[in-house]
Amino acid sequence: MTESKPRPLISVQERLRDQVAHALRAALISGELRPGVVYSAPALAADFGVSATPVREAMLDLAREGLVEAVRNKGFRVTEMTERDLDDFTEIRELIEVPTVGRVTRSATAEQLEALRPVAEEIVAAARQHDLIGYLEADRQFHLTLLGLAGNARLVEVVGDLRKRSRLYGLTRLDQRGELVSSAEEHLELLDLMISGDAEAAEACMARHLSHVRSLWAAGREEAAAEKPALRLGSR
């Protein structure tokens, strides 16, 4: 019997970095961290009640995702997204995702598509529960898994990168107005159309959904809350 290779231990520092990164993403989504503003790791660490090291490591993770950029000797600037950027990202996603949804509708089995229903329902539940991070995590899982049924891993990788770079701004206001729920319910509508085999209607639904998401971006940018609530680890 051969000896099993010891598993690498996950350090407390790594777990703390992940918690900080999660909290920073939540702050970006809610608008607490503003585009164009430079934030220092020590100042954020004071907000979180931790040392600067896990904050700096978490910010480097976000920098690799294109969400922030390092500013020498100052900290990290939240990446600004222009209206042109958002339009460009939406156009690329439409060119990729709309025809891919049609192709998957024609090729995937009903069982494969039906397996996505719990995730679609999770998106709706998160929207109704005002869980913005949960909403985006389930939304990402739904879309990338659906595209994965086309069998092109590179396509999924490209869309995943676009989604990271075109994150939603100021979702708190939109959540308070209940607009996220209607966007969430479009996932169930899309799934039902695909299961019914109506590829043309599914493509139209996907195009409408992406257009709706683009309008949420614009509204979120315009209506991001002016006040800055305290940042807390583990808050969602």
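**Notebook: strands, cores and helix packing**

**Entry 1. The strands.** I began with the strand pairs and found that β1 (residues 38-39) and β3 (residues 75-78) run antiparallel and are joined by two bridges. I note at the outset that the model is predicted. For Y39, I looked up the bridge partner in β3 and found F76. I then turned to β2 (residues 68-71), which is joined to β3 by four bridges, again in an antiparallel arrangement. Within β3, R77 is the residue that stands opposite E69. I also examined the hairpin of β2 and β3: three residues lie between the strands, and N73 takes a positive phi near 65°.

**Entry 2. The overall make-up.** I counted the elements next and recorded 11 helices and three strands in the protein. Read from the N terminus on, their order is α-β-α-α-β-β-α-α-α-α-α-α-α-α. The protein has 236 residues, of which 46% count as buried. I also looked up how far apart in sequence the contacting residues are. Among contacts with a separation of 6 or more, 77% are between residues 24 or more positions apart.

**Entry 3. The cores.** Which residues have the most contacts inside the largest nonpolar core? I found V101, L113, Y135, F142, L146, L190 and M194, in a core of 31 residues. I then listed the helices that each supply at least two residues of this core: α1 (12-30), α4 (83-107), α6 (117-128), α7 (132-148), α10 (179-195) and α11 (199-223). Of these, α7 gives the most, with seven residues. A second core, separate from this one, has 21 residues, including L24, A27, F48 and V78. As a general remark, nonpolar side chains in soluble globular proteins tend to be buried together.

I followed V101 further. Leaving aside its neighbours within four places in sequence, I found V101 in contact with L146, L190, M194, A202, E203 and M206. Three of the residues listed with V101 for having the most contacts inside the core, L146, L190 and M194, are thus also in contact with V101 itself.

**Entry 4. α7 against α10.** I looked up the packing of α7 and α10 and found an angle of about 20°, with the axes 12 Å apart. The two helices are therefore roughly parallel. Their crossing is left-handed. On the α7 side, the residues that meet α10 are L132, Y135, D139, F142, H143 and L146. Their counterparts in α10 are L180, S183, A184, H187, L190, L191 and M194.

**Entry 5. α4 against α7.** I next took the pair of α4 and α7, which pack at an angle of about 60° with their axes 9 Å apart. The angle makes α4 oblique to α7. The crossing of this pair is left-handed. From α4, I recorded R93, E97, T100, V101 and V104 as meeting H143, L146 and L147 in α7. H143 and L146 also appear among the α7 residues that meet α10.

**Entry 6. L147.** Is L147 buried or exposed? I found L147, which lies in helix α7, to be buried, because its relative accessibility is 1% and the cut-off for buried is under 20%. Apart from neighbours within four places in sequence, the contacts of L147 are E97, T100, L155, V156 and V159. Two of these, E97 and T100, are named above among the α4 residues that meet α7. For V159, which is 12 residues from L147 along the chain, I noted a C-alpha separation of 8.9 Å.

**Entry 7. E186.** I then looked at E186, which is found in helix α10. E186 counts as buried, because its relative accessible area is 10%, against a cut-off of under 20%. With its neighbours within four places in sequence left aside, E186 is in contact with C205, R208, H209 and H212.

**Entry 8. V20.** My last entry concerns V20, which lies in helix α1. V20 has a relative accessibility of 0% and so counts as buried. I also looked up its separation from V55: V20 and V55 are 35 residues apart in sequence, and their C-alpha atoms are 6.2 Å apart in space.

Terms used. Residues are numbered from 1 along each chain as its sequence is written. This is a predicted model: local features need pLDDT of at least 70, side-chain atom pairs count only at pLDDT 80 or more; totals for chains, interfaces and linings use all residues. Side-chain values use heavy atoms; hydrogens and water are left out. A nonpolar core is a set of buried Ala, Val, Leu, Ile, Met, Phe, Trp, Tyr and Cys residues joined through side-chain atoms within 4.5 Å. Buried means under 20% relative accessible area, exposed over 50%, partly exposed in between (1.4 Å probe, protein chains only). Contact means heavy atoms within 4.5 Å. Two strands pair if DSSP finds at least two bridges between them. Axes are lines fitted to C-alpha atoms, for helices over the stretch in contact, and angles run from 0 to 180 degrees between N-to-C directions. Angles under 35 degrees count as roughly parallel, over 145 as roughly antiparallel, 65 to 115 as roughly perpendicular and the rest as oblique. A crossing is left-handed if the near helix is turned anticlockwise from the far one by less than a right angle, and right-handed if clockwise.
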